[in-house]
Amino acid sequence: APLLAALAPTELRLHVSSSETVRYAQAHGWLQMFGNRARLLVEEAVAPEDLDAGTLKEQLADAEQRLSEHEKGSADFARAEKDRDRAEAFLAIAQG
């Protein structure tokens with residue numbers, strides 16, 4: 001039976017050969033497994049060298065500010081949570 005899973009922001013590693021792995025900062029997305037095949041659909045994938053820690057810190061502060069301003073359970077709160085999760089994951093990848 002096919003499997004569908006929600007993906008949280010994290011580091012994505014693609015093994016393109018036995019000796020080469022390509023890394024990305026991966027935003028929220030979905031993973032579909034069917035048989036021996038996997039399909040990823042992510043909002044964005046950014047090479048670690050293209051991440052700017054300063055910008056990500058600003059995005060994290062902005063998301064945390066919005067979390068404090070909106071009611072838990074609201075659409076605005078959910079969007080701020082998603083933005084915070086992305087900023088935290090991308091910042092961790094940017095800082096190595």
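The paragraphs below walk through a predicted model, beginning with a sheet and moving on to a helix, a nonpolar core and several salt bridges.

A good place to begin is the open sheet, whose three strands follow the order E1-E4-E5 and pair in the antiparallel sense. Its edges are formed by strand E1 (3-7) and strand E5 (37-42), each of which pairs on one side only, and from one strand to the next the twist averages 15°. Looking at one pairing in detail, E1 is joined to strand E4 (residues 29-34) over five antiparallel bridges, and Leu3 stands opposite Met33 in E4.

From the sheet we can turn to helix H2, which runs over residues 75-94 and therefore has 20 residues; from its first C-alpha to its last it reaches 28 Å, close to the 28 Å expected at 1.5 Å a residue. Its buried residues are Phe77, Ala80, Arg86, Ala87, Ala89, Phe90, Leu91 and Ile93, and what covers them includes strand E2 (10-15), strand E3 (21-26), strand E6 (45-46) and helix H1 (53-69). Just after H2, the chain reaches Gly96, which takes a positive phi of about 80°.

Several of these buried residues belong to the largest nonpolar core, which has eleven residues in all, among them Ala25, Val46, Leu56, Leu60, Ala87 and Phe90. Helices H1 and H2 each supply at least two residues of this core, and H2 gives the most, with five. Ala87 offers a closer view, since residues up to four places away in sequence are left out of the count and Ala87 still touches Leu56, Gln59 and Leu60.

Charged side chains add another layer to the picture, with eight salt bridges counted in the model. In one of them, the closest N and O atoms of Arg23 and Glu11 are 2.3 Å apart, and this pair links distant parts of the chain, with Arg23 in strand E3 and Glu11 in strand E2, twelve residues apart. Arg23 counts as partly exposed because its relative accessibility is 38%, a value between the limits of 20% and 50%.

Another salt bridge joins Arg66 to Asp62, with the closest N and O atoms 3.0 Å apart. Why can residues with such a spacing face one another along a helix? Both lie in helix H1, four residues apart, about one turn of the helix. An α-helix has 3.6 residues a turn, so residues three or four places apart point the same way. Finally, Asp85 forms a salt bridge with Arg84 at 3.2 Å between the closest N and O atoms, while shared partners join Asp62, Arg66, Arg79 and Asp83 into one network.

Conventions: Residues are numbered from 1 along each chain as its sequence is written. This is a predicted model: local features need pLDDT of at least 70, side-chain atom pairs count only at pLDDT 80 or more; totals for chains, interfaces and linings use all residues. Side-chain values use heavy atoms; hydrogens and water are left out. Buried means under 20% relative accessible area, exposed over 50%, partly exposed in between (1.4 Å probe, protein chains only). Contact means heavy atoms within 4.5 Å. Two strands pair if DSSP finds at least two bridges between them. Axes are lines fitted to C-alpha atoms, for helices over the stretch in contact, and angles run from 0 to 180 degrees between N-to-C directions. A nonpolar core is a set of buried Ala, Val, Leu, Ile, Met, Phe, Trp, Tyr and Cys residues joined through side-chain atoms within 4.5 Å. A salt bridge is a side-chain nitrogen of Lys or Arg within 4 Å of a carboxyl oxygen of Asp or Glu.
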